Amino acid sequence: MAGPSASQVLGSVTLVTGPEEFLAERTVTSVVGALRGADSEADLTEIPAEELGPGALAELTSPSLFATSRAVVVRGLQDLSEQSASRLIAYAGDPAPDIALVLVHSGGQKGKGVLDKLRKAKAVEVKCDSPKPYELPRFVSAEVRAAGGRIDEPAAAMLVDAVGAELRALAGASAQLASDFPGVQIGGDLVRSYFGGRAEVKGFAVADAAIAGELAKALEQLRWALSNGVAPVLMTSAFASGLRGLARLVSAPRSMREGDLARAVGVPPWKLKSLRGQARGWTEPGLAVAIAAVARADADVKGASGDAGHALERMVFAVDTAHRLH
């Protein structure tokens, strides 16, 4: 995950697009870092696009009296005025050689015309889209590798289950593991020892036990989680996610290739084996009943019932009964 060099960002326009703020901020930091790595006195100016009025762009991209090079970061590009947009597009076609211009757009349709014109002007685009759930273990693996470590795929998925889908937290956890275990292949045991409690808090352990037909284990873990302050809505979310993935697997054509099937189900390919194990004993009618029970429990924990704990226990029993429905 090597960053750009100063020669790559100077005299160019970096277009940062997409809703994932962590990745967008990392890109901005890498551009500024590249510039200051080559010139510690490089100037930095940040401005919201809505304030980039007439003359402002010319002033920001003119030679500085106090620095030989400059980074200019324009945030919220989707809010740029039409008048300023035409000047910015013209600049992108012929950028100043001692300026690194970074334009940050949060994604969506607003300002799409400006983005298309900037792309035609050869701005260097860095897409910062939010990863799909099945892509998160790959993100973890890349983060660990960038920090000088190694992690196997099941352990990367376990870390996602433990920490959640927030990229900043995942990046921090990945860096911590790589730093604490240099030169070691990080496996499930290490992830569990560091983050095992958090994994249970996320509710996936309870959902996996219930879906696998392990009623006593699911109830025990549910009570443990609730006694440790787990939000009931996280529990119903974990159940819904697990059952939806199982339903997609059960209803998928048997002729699908592994890669296509993994994408359809929404999991990394290696996890199909464990899902197939969970699918044993489940029928499509049973899954429909279980999903409906989880939806009722979700409504209950969000206010329809005065006793969230009882609603969740009822959900676990309902899922267990649905598992045996033929």
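This passage describes the overall form of a predicted model and then several of its residues in their local surroundings.

The chain contains 16 helices and seven strands. Its C-alpha trace extends over about 75 × 45 × 45 Å along the principal axes. The radius of gyration is 25 Å, whereas a compact globule of 326 residues would have a value near 20 Å. Of the 326 residues, 44% are buried. Among contacts with a separation of 6 or more, 76% join residues that are 24 or more positions apart. The accessible surface of the chain amounts to about 16400 Å², and carbon and sulfur atoms contribute 54% of this area. The chain carries 35 positive and 37 negative charges, and the mean positions of the two sets lie 7 Å apart.

Helix α14 covers residues 272-279, and its buried residues are Leu 272, Leu 275, Gln 278 and Ala 279. These buried residues line one face of the helix, because they fall within an arc of 115° when α14 is seen down its axis. They pack against three helices, namely α10 (204-211), α12 (232-251) and α13 (258-265). Within α14, Gln 278 has a relative accessible area of 15% and is therefore buried, the cut-off being under 20%. Apart from residues up to four places away in sequence, Gln 278 touches Asp 208, Ile 211 and Leu 246. Just after α14, Gly 281 adopts a positive phi of about 90°.

Gly 281 is also one of the residues touched by His 323. His 323 belongs to helix α16, which covers residues 308-323. With a relative accessibility of 11%, His 323 counts as buried. When residues up to four places away in sequence are not counted, His 323 touches Ile 211, Ala 212 and Gly 213, together with Arg 280, Gly 281 and Trp 282. Ile 211 is thus touched by His 323 and by Gln 278. Arg 324 is located in the segment after α16. In contrast to the buried His 323, Arg 324 is exposed, at 55% relative accessibility. The C-alpha atom of Arg 324 is separated by 14 Å from that of Ile 291, and the two residues are 33 apart along the chain.

A second buried site is found in helix α6 (residues 136-146), where Ser 141 lies. The relative accessible area of Ser 141 is 15%, so this residue is classed as buried. Leaving aside neighbours within four places in sequence, Ser 141 is in contact with Ile 151 and Ala 156. The C-alpha atoms of Ser 141 and Ser 174 are 8.0 Å apart in space, while the two residues are 33 apart in sequence.

Lys 122 is placed in the loop between α5 (112-120) and β5 (124-127). Its relative accessible area is 72%, so Lys 122 is exposed. The backbone of Lys 122 has a phi near 75°, a positive value in a residue other than glycine. Most residues other than glycine have a negative phi.

Technical notes. Residues numbered from 1 in each chain as written. Predicted model: local features only at pLDDT ≥ 70, side-chain atom pairs only at ≥ 80, totals over all residues. Heavy atoms only, no water. Helix = DSSP H or I, 4+ residues; strand = E, 2+ residues; numbered from the N terminus. Rg over C-alpha atoms; globule rule 2.2 N^0.38 Å. Buried < 20%, exposed > 50% of the residue type's maximum accessible area, 1.4 Å probe, protein only. Contact = heavy atoms within 4.5 Å. Areas by Shrake-Rupley, 256 points an atom, 1.4 Å probe, with all protein chains shown as cover. Lys, Arg positive; Asp, Glu negative; His and termini not counted. Charge placed at Lys NZ, Arg CZ, Asp CG, Glu CD. Arc of directions from axis to C-beta.
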